[in-house]
Amino acid sequence: MPSRKAKRSKRAVSPSEIAPKTCFITKLPFELIADILQLTQSPRDVLALSLCNKYLRDTLLRDDSDFIWRYMRLNFKPNPLPDKPSSMTEASYAALVFGGGICGGPCEACGLPTDNMYSSFALRIRLCKKPNCLTNIQKTLKKINLQDVSSQPAYFPIVAGSMFVTENTRSVEDHRTLTLTRAGNWPLAANYVRARDWDRSVQEYLEATGLPETLEAELAERARKAQRVTALMPTFVALYQWKAAYDLARERYKRTNEDFGKAFAEKNGYVYWDLINSPSYGAIHNRKNKTLESITPLDMTVWADRIDADIVKIKEQRQRRQYEMDHAKAYSVVEQHYNGLRSKREMLPVPTFPTFRKFRFIKSILTTPPSPAFNPSKQLKTPLAQTLIANELAAWRTDAKEKLGEVLGHTTWKAASKSRLHPAERVDARFKCQQCNHFEPRYRDDGCFDFIGACSHQCRKVDGTLKNQEWSAERFVKDAKAVSAISKVLALNALSAESPESSVLYDAIGPHILCESCPAAIILQPCQVAGHSHRHEDMQVSMLSEEDASFICHPLTAGLAQRLMGTELRAKPLGGQKVYMCRHCAQTRGVPTIDTAASSARSNTLSTGIGGSVEPLEQPEVLPRRKEFIFGGLRSHLKTSHGIEAVRDEDFYCTVQTRLVEAERSGVIEYALQAQDSASHIEEG
């Protein structure tokens, strides 16, 4: 297995490292700097050096430094630059030609930086190599023909003669300036001008010539601009021709160096693209293309060892990257298979994924790189693979039961009979995680885990992401409150937790469990006992008959509190309905809990309390109707009046039956609250 790249450790940076390093070239005499720069034979390099710092800028822009710029201009390859205009200095002329390549000027069409020279020196239009930029820039230009003025307005020759235009028709029509002919050059053909500049110039001319007092001044200004255009446009045209020759030579050297690189790669057994991407050869290749020089065998002799080492490193990086891609693919296949196992109820419990990955067979799948002869997805579907995984799962479950049994206090439990459940699998086995307070949605209302939940629990970090740690029973403790409460319910119903049918029989008890530890008469379903037990230090319970439970208990809606407090969009409108009432107010002990109509139906008798005597009342008092809340108001009422912060289903009831109706009309989800038919279950006080 190739070694992974070591992570860079962060360390404190000392002030000496933050301080700028000494520029030793500024320590040299000016004569030596001039000799060094003349060896580069490129104004581009002198311009780049002048932009390094203030000292070099002031030194190279002095009048006595013009000989350096002039020498570079006259000895540039493949052809010397045209003579500069008299209005420009040598440095400003070099900046006009090479400024974009040094500073990375933006493309006028797309705005992205490009190192290309100006497409039009006269209009200062710089474009990148994208074809769309040519199309977009042409929309901002106007084509005018200086040779055809007969069909144009009278102002046309005056305005056109005073404005700069493109040097050649192809300047903004084609990226390839591979023409050395005078066809299309100014002023022999139609050329482009900026449309906004043309419109503004025409408007200014018409406004100025409309008044006699400004006519003479406008004509004089136009004549001065035309004289400047006439003086500079030949230089711009010459620059365009020079740029065309430069582009031809650059393409020629580029092809020559590319052919040399391919031949060198073939001779030494390298892949050409590996050779190009190697830091050593890539730097030589790019520098030679930029300076219009050919790569020679002597260059390769000097750099051969360094190039070979770089290509070896590239191959190792490719192998490591391929290994990581193969591992990620196998990881994805294993994770998909793991999720499939979790979706099958008969396969539960299944350990967490970090633990599942450590199974010997799964580990062999992850460490074997995929190939035409080895497909992880097909391997996991073979009967042999399913048998091996099932065996490892069975062994893991046995070990998990033993360790969780020890958590419950059964350290030496053994049973020969298969009709006795292991302590960890019983209905009264409840666990809590010591490292986090996260509960999966199925166990969120309980606030604890059963055996299956504990086996599949994976702790989360502070940001909510899963921790990549293996499962361990040492992270769990016994939930004494939940275990005690469930055991009491089982004892009151003469059920044995060791029986395999105990879980089914426990759920069949129904809403007949009364919490004796609550001030109000709170009735629970068996599935609510574990979660409710956390409100009391030692929860006491009793059992109600069918008649007593139906007499006081409003219908329990399982899971409604979690939906109303969750993020489900369909449940949001339900929380705003004023249909929720407090059970702690309605189901008080020793107070009538039904309305007058219901009392008459019971032969004028009312319960004075759960488990208390039934006293006859000749004329029962009609109590005022209790307040209904929206769900947010109900939560505030429970907190302030009853000290309950975590709202549960047994704390409230709904005066109407809540039902979500999904209508598939135009993809709109409609919400409806359908009235409950049975008036005997509606609390009116």
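**Close-up views of a predicted model**

**View 1. Asp64 and Arg62 pair in a salt bridge, with their closest N and O atoms 3.1 Å apart.** Welcome to this predicted model. Asp64 is partly exposed, at a relative accessible area of 45%. Its partner Arg62 also counts as partly exposed, with 35% relative accessibility. A search of the whole structure turns up 29 salt bridges, and two more of them appear in the next views.

**View 2. Arg73 meets Glu90 in a salt bridge, the closest N and O atoms being 3.0 Å apart.** Arg73 belongs to helix H5 (residues 66-74) and Glu90 to helix H6 (residues 90-103), so this pair ties together parts that are 17 residues apart in sequence. Both Arg73 and Glu90 are buried.

**View 3. Asp247 and Arg250 join their side chains in a salt bridge of 3.2 Å, N to O.** Here both residues sit in helix H10 (residues 212-268), three residues apart, or about one turn of the helix. Asp247 counts as buried because its relative accessibility is 7%, while Arg250, at 30%, counts as partly exposed. Elsewhere, salt bridges with shared partners link Arg70, Arg73, Asp83 and Glu90 into one network.

**View 4. Asn191 reaches with its side chain to the backbone oxygen of Thr166, at 3.1 Å.** You will find Asn191 in strand S2 (residues 191-194). Asn191 counts as buried because its relative accessibility is 1%.

**View 5. Cys110 has the sulfur of Cys107 as its nearest cysteine sulfur, 3.7 Å away, and is in no disulfide.** A disulfide needs two cysteine sulfur atoms within 2.5 Å, and the count for this model is zero. Cys110 is partly exposed, with a relative accessible area of 31%, whereas Cys455 is buried, at 0%.

Key:
Residues are numbered from 1 along each chain as its sequence is written. This is a predicted model: local features need pLDDT of at least 70, side-chain atom pairs count only at pLDDT 80 or more; totals for chains, interfaces and linings use all residues. Side-chain values use heavy atoms; hydrogens and water are left out. Helices (H or I, at least four residues) and strands (E, at least two) are DSSP runs, numbered from the N terminus. Buried means under 20% relative accessible area, exposed over 50%, partly exposed in between (1.4 Å probe, protein chains only). A polar contact is a pair of N or O atoms within 3.5 Å; within protein, one must be able to donate a hydrogen and the other to accept it, and residues adjacent in sequence count only if both atoms are side-chain atoms. A salt bridge is a side-chain nitrogen of Lys or Arg within 4 Å of a carboxyl oxygen of Asp or Glu.
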